[in-house]
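Colleague: Please take a close look at the largest pocket of this predicted model. Which elements give residues to its lining?

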Amino acid sequence: MPAQFHAAPVAQMDPVMLYRILQLRIDVFVVEQQCPYPELDGRDLEPGAVMLWAVGGAGDQRADDDGAPTATLRVLREPEGFRIGRVVASPEVRGTKVAGELMRRGVEFCAAQSAESPVVLDAQAPLQGWYESFGFARSGETFMEDGIPHVPMRRG
């Protein structure tokens with residue numbers, strides 16, 4: 001099933017889909033990457049927070065079963081522009097370009113809101129090159145977060 005892409009302000013999301021998105025984030029960031037940290041950080045509830053997500057994708061059976069999200073990211077409005085974060089893909093769709101298409105849509109969403117505003121993110125260091133393919137550039141020194149090296153990046 002080809003991936004279907006969606007976007008919605010968190011306050012307007014179907015609660016079941018929001019639950020499944022949060023479950024995906026916890027499954028990957030907390031369980032798979034073994035980083036016990038407060039995934040529910042309160043930022044999802046900020047005014048202007050928008051969730052983007054994909055359902056389905058190459059080789060994913062979950063989408064056929066129950067419409068579960070296979071990739072997601074969130075966009076936050078910050079005083080100086082936008083922040084993309086919580087970018088995650090389920091193991092079933094990694095390497096299928098679903099996350100890449102979702103990231104492209106996230107960047108386009110930010111540009112549609114304000115083309116001149118910068119977009120920032122903190123990339124896990126091994127993914128720096130992947131984020132560079134979307135126009136992001138390293139903007140600072142590597143730092144550790146939850147035991148994983150991260151690189152601050154900026155676009156625009």
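Modeller: Strand E4 gives the most to the lining of the largest pocket, with 7 residues. This is a predicted model, so read every value as computed from predicted atoms. Several elements give two or more residues to that lining. The helices among them are H1 (15–32), H3 (98–113) and H4 (128–132). The strands are E3 (69–78), E4 (81–89), E5 (119–124) and E8 (148–155).

The pocket itself has a volume of about 760 Å³. Its lining counts 36 residues. Phe 29, Arg 86, Val 87, Gln 124 and Tyr 131 lie nearest the centre. By class, 18 lining residues are nonpolar, 7 are polar and 11 are charged.

Take helix H1 next. Its 18 residues should span 26 Å at 1.5 Å a residue. The end C-alpha atoms are 24 Å apart, which agrees. H1 does bend, by about 25 degrees at Ile 26. The buried residues of H1 are Met 17, Leu 18, Ile 21, Leu 22, Leu 24, Arg 25, Val 28 and Phe 29. Phe 29 also appears in the group nearest the pocket centre.

Helix H3 has 16 residues. From first C-alpha to last, H3 reaches 23 Å, close to the 22 Å expected at 1.5 Å a residue. Its buried residues are Val 98, Ala 99, Gly 100, Leu 102, Met 103, Gly 106, Val 107 and Cys 110.

Now strand E3, another contributor to the lining. Thr 72 is found in E3. Thr 72 has 0% relative accessibility; buried means under 20%, so Thr 72 counts as buried. The Thr 72 side chain reaches the backbone oxygen of Leu 52 at 2.9 Å.

Last, the stretch that follows H4. Ser 133 is found in the loop between H4 and strand E6 (137–138). Ser 133 has 54% relative accessibility; the cut-off for exposed is over 50%, so Ser 133 counts as exposed. Its side chain reaches the backbone oxygen of Trp 130 at 2.5 Å. Ser 133 and Arg 104 are 29 residues apart along the chain. Their C-alpha atoms are separated by 9.7 Å.

To recap the two polar side chains: Thr 72 is buried, whereas Ser 133 is exposed. Each reaches a backbone oxygen, that of Leu 52 for Thr 72 and that of Trp 130 for Ser 133.

Key. Residues numbered from 1 in each chain as written. Predicted model: local features only at pLDDT ≥ 70, side-chain atom pairs only at ≥ 80, totals over all residues. Heavy atoms only, no water. 1 Å grid on protein atoms, 1.4 Å probe; cavity = no way out; pocket = protein on both sides within 12 Å on 5 of 7 lines; lining within 4 Å. Points joined across faces, edges and corners; volume = space filled by probe spheres on them. Helix = DSSP H or I, 4+ residues; strand = E, 2+ residues; numbered from the N terminus. Nonpolar A, V, L, I, M, F, W, Y, C, P; charged D, E, K, R; others polar. Buried < 20%, exposed > 50% of the residue type's maximum accessible area, 1.4 Å probe, protein only. Polar contact = N/O pair within 3.5 Å; in protein donor to acceptor, adjacent residues only side chain to side chain. Expected span 1.5 Å × (residues − 1). Bend = angle between axes of the 7 residues up to and from the residue.
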